[in-house]
Each structure stands twice: as structure tokens, then as C-alpha cells.
Amino acid sequence: MNLFSGTINNLENSIQYASAKNDVISNNISNVDTPNYKAEKVSFKSTLENEMTGLETKTTNERHFNFGEEGNNPYRIVKDSSTTYNHNGNNVDIDKEMSELAKNQIYYNSLIDRISGKFSSLQSVIRGGN
């Protein structure tokens, strides 16, 4: 039985995504001057899974990943090794990262406001509208 029709679960997954994105962006910013550091980004698993539709996999060793398994996180962290912006091999664009950080903070705050509103509504119903 899904008590809240998936809303709270979806909000929880979105908050986890925003938190992971914040961690990755912060890590990129802290490594802006690290030689040969490659920026990371967070993407939803569904994007990867859509690209892998129809791809058959076969494991020949117990240490191989099973592509059919669903993990707990609705996102993946991927490294962008395709570009180099700085003379030291680093590809962190500080302006882009700061912009993404600000945008992600707004997104995170809106999710927190939304889930707080959901819990306030539940609390009001439990108390009988008081």
C-alpha cells in the first residue's frame, strides 16, 4: 500500500539527488586548481537506462556488474573526461560550477518547502484541522 501516492518518496529521491549534486559541485569547486582533475556531474539513472535499452549483457565473472539491478539511488555520478579548459589538464569551469551551485540551492530549498508543506498538511489532518 502506498500511503502518500508516491509524493513523499519522489520528494525524498529528489532531495537525495539535490544533495548529491551539491556534494559533486562542491568537490569540483574545491578542485578547481588541481592538476588533471576532471569535473564530475550527477545524472539520473533513467537517462543511462534509456540509452542501454535493448543492450544485452552477460556476466562471466561474479565480480562483474549486473546491469539489470536497481540500486537505491535514482542518480549516478559521472566524470567528464572529454574536455580540458585549463593549462594544467583540469576541466572545471568555476563560473559554470558556481551557477550550477546557485541553481541547485534554489531547487533544494523548493523541495524542502514542498515536503515541509506535505508534512504540515498531514499534521493538520491528524490534529483534526487545528
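## Pocket lining, ring pair and selected residues

Helix 1 gives the most to the lining of the largest pocket, contributing 5 residues. The model discussed here is a predicted one, in which local features need pLDDT of at least 70 and side-chain atom pairs count only at pLDDT 80 or more, while totals for chains, interfaces and linings use all residues. Residues are numbered from 1 along each chain as its sequence is written, and side-chain values use heavy atoms, with hydrogens and water left out.

The protein chain has 3 helices and 2 strands, where helices (H or I, at least four residues) and strands (E, at least two) are DSSP runs numbered from the N terminus. Along the sequence these elements follow the pattern α-β-α-β-α. Of the 130 residues in the protein chain, 22% are buried; here buried means under 20% relative accessible area, exposed means over 50%, and partly exposed lies in between (1.4 Å probe, protein chains only). The protein chain exposes about 9,500 Å², of which carbon and sulfur atoms supply 50%, the areas coming from the Shrake-Rupley method with a 1.4 Å probe, and for residues only the protein chains shown count as cover. Among contacts between residues at least 6 apart in sequence, 80% join residues at least 24 apart, a contact being heavy atoms within 4.5 Å.

The largest pocket has a volume of about 260 Å³. A pocket is defined on a 1 Å grid over the protein atoms alone, as an open set of points where a 1.4 Å probe fits, with protein on both sides within 12 Å along at least five of seven lines, and lining residues have an atom within 4 Å of a point. Grid points are joined across faces, edges and corners, and the volume is the space filled by probe spheres set on the points. Of the 17 residues that line the largest pocket, Asn28, Glu40, Lys41, Lys96 and Glu97 are the closest to its centre. Helix 1, strand 1 and helix 3 are the elements that give two or more residues to this lining. By class, the lining has 6 nonpolar, 3 polar and 8 charged residues, with Ala, Val, Leu, Ile, Met, Phe, Trp, Tyr, Cys and Pro counted as nonpolar, Asp, Glu, Lys and Arg as charged, and the others, Gly among them, as polar.

A search of the whole structure finds 1 aromatic pair. The rings of tyrosine 17 and tyrosine 107 have their centres 6.4 Å apart and their planes at 80°, so the pair is edge-to-face; under the criterion used, rings of Phe, Tyr and Trp (its six-membered ring) pair if their centres lie within 6.5 Å, and planes under 30 degrees apart count as stacked, over 60 as edge-to-face and the rest as tilted. Tyrosine 17 lies in helix 1 (residues 7–30) and tyrosine 107 in helix 3 (residues 94–126), so the pair ties together parts that are 90 residues apart in sequence. Tyrosine 17 is buried at 11% relative accessibility, whereas tyrosine 107 is partly exposed, with a relative accessible area of 31%. Serine 14, which also lies in helix 1, is buried at 17%, and, leaving aside its neighbours within four places in sequence, serine 14 is in contact with Tyr107 and Leu111.

Several residues are separated along the chain from a partner whose C-alpha distance has been computed, as the table sets out.

| Residue | Partner | Separation in sequence | C-alpha to C-alpha distance |
|---|---|---|---|
| Isoleucine 106 | Alanine 18 | 88 residues | 9.9 Å |
| Lysine 38 | Aspartate 80 | 42 residues | 6.0 Å |
| Tyrosine 75 | Serine 43 | 32 residues | 5.4 Å |

Isoleucine 106 is found in helix 3 and is exposed, with a relative accessible area of 61%. Tyrosine 75, by contrast, belongs to strand 2 (residues 75–79) and counts as buried at 13% relative accessibility.

The loop between helix 1 and strand 1 holds lysine 38, which counts as buried at 16% relative accessibility. Leaving aside its neighbours within four places in sequence, lysine 38 is in contact with Lys79, Asp80, Ser81, Thr83, Thr84, Gly89 and Asn91. Asparagine 36 is placed in the loop between helix 1 and strand 1 (40–44), and at 57% relative accessibility asparagine 36 counts as exposed. Although asparagine 36 is not a glycine, its phi is positive, at about 60°.
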